[in-house]
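Q: I'd like to learn how to read the unusual spots in a protein backbone. Can you walk me through this one?

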Amino acid sequence: MQYHAIIGGGASLADTSKTAKLERYNSYLRRLNTTSFLNASSKILFRVTLLATLILILFFTLNHPPMSGTDGGAGHHIHATSNLLSSAFYGGGAAWEKQVRHSSTPRRQDGFSVLVTGAAGFVGSHCSLALKKRGDGVLGLDNFNSYYDPSLKRARQNLLSKHQIFIVDGDINNAQLLQKLFDIVPFTHILHLAAQAGVRYAMQNPLSYVNSNIAGFVNLLEIAKNADPQPAIVWASSSSVYGLNTQVPFSELHRTDQPASLYAATKKAGEEIAHTYNHIYGLSLTGLRFFTVYGPWGRPDMAYFFFTKDILQGKGINVYVTQDDKEVARDFTYIDDVVKGCIGALDTAEKSTGSGGKKTAPAQLRVYNLGNTSPVAVGKLVGILESLLNVKAKKHVIKMPRNGDVPFTHANVTLAHKELGYKPTTDLASGLRKFVKWYVGYYGVETRVKKE
């Protein structure tokens, strides 16, 4: 028995040894297979990466032909290929290009072909309609961002589309898209209204102001300077550039080196950038300093707009006073008056003088105030809204926070009147009546408003 036990134990040890060897062999095969798989995967990944890189290099090359290139056959072929690729990326090819061309083609003799940036915005949509109605070609560009309700921007877009105005969904920081548009359309003018608006929001998202108001503006100017012909440019500055200026009414000759907000600083930077591109490249540039624009299809972040909403909903509203208890006042300017100022600036804009990105002669450089010239206290604005809405506001009078707002604005429009024929005609009560009529119709609250 003992002998058999020993023999049995030996057989068991032999079996265990064979099993261990088999497991080691299988482990070796697994490692070998894993290594082979990794090597093969690495080769595939390398080849895919190399192919993707070559495609990107080819795409970049085709979309950015050498600036010094001639108009020879090879250059034309590259340019045509670039257009084909860009069309595929930005709108679906020939059908998209047809929309762009149709929208931007003027219907009147000697009409303008205008690129309107921020066309789905408040001022942009109104200006686009006014230009189209008089026979100019208008192409819009807007990124439909969510700074305020994008559905309102889409509603404006739908309104413009009914008047044969096409808005390209894109960003002014997209150089390839802008170049594509300029390849398709020889714009005579640019009305640059795209911007990150609002004074208070700059404290929450400061980089959005730099990205849009500075980088975006420079990107647009870079494309415009190389266009042939160069377009004349009218663009939106702001009354905010006057900042801490205490001289009233605000004149274009007053100092603008004391901004009270980042928004104001970016708009002031825009004015200096405009000077640079005018001086070096011969771009014709006109800056318009808007003073608190209001009216139908307005911006929900503006006081008159959210006061109306909150009053109708029975919510309290904050009415600011200064630190020394003085009323805050604004030079409220009705949208129709501002549109006339914008069109006046376009009509009097001289041609740019650059060619091939080089200045050939002095070019026009202007800046104008577009205001109403009659500041109104915010408390009075609330009183007008109460009367129009037939609802008593729940007012909370509080000190103005240090968030970049200024206590008072007042425009001197003498220069705009002299050179643009600008003459505001709408007082605040009349303008708010038109706004409230639009508001209750758009949001469907007519039954709560006092009948006029």
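A: Sure, starting with the labels: helices and strands here are DSSP runs, with helices at least four residues and strands at least two, numbered from the N terminus. Keep in mind that this is a predicted model.

Q: Where does proline 229 lie?
A: Look in the loop between α7 (206-225) and β5 (232-236). The peptide bond leading into proline 229 from aspartate 228 is cis, and its omega is near 5 degrees.

Q: Which peptide bond has omega near -10 degrees?
A: That's the one from valine 248 to proline 249, and it is cis. You'll find proline 249 in the loop between β5 and α8 (262-281).

Q: Okay, on to phi. What is the phi of aspartate 110?
A: Aspartate 110 has a positive phi, about 60 degrees, although it is not a glycine. Its place is the loop between α3 (94-104) and β1 (113-117).

Q: Is aspartate 110 buried or exposed?
A: The cut-offs help here: buried means under 20% relative accessible area, and exposed means over 50%. Aspartate 110 has a relative accessible area of 67%, so it is exposed.

Q: And what about the phi of tryptophan 297?
A: Tryptophan 297 isn't a glycine either, yet its phi is positive, near 65 degrees. To spot tryptophan 297, go to the loop between β7 (293-294) and α9 (303-312).

Q: Is tryptophan 297 buried or exposed?
A: Use the cut-off again: tryptophan 297 has a relative accessible area of 17%, so it counts as buried.

Technical notes. Residues numbered from 1 in each chain as written. Predicted model: local features only at pLDDT ≥ 70, side-chain atom pairs only at ≥ 80, totals over all residues. Heavy atoms only, no water. Buried < 20%, exposed > 50% of the residue type's maximum accessible area, 1.4 Å probe, protein only.
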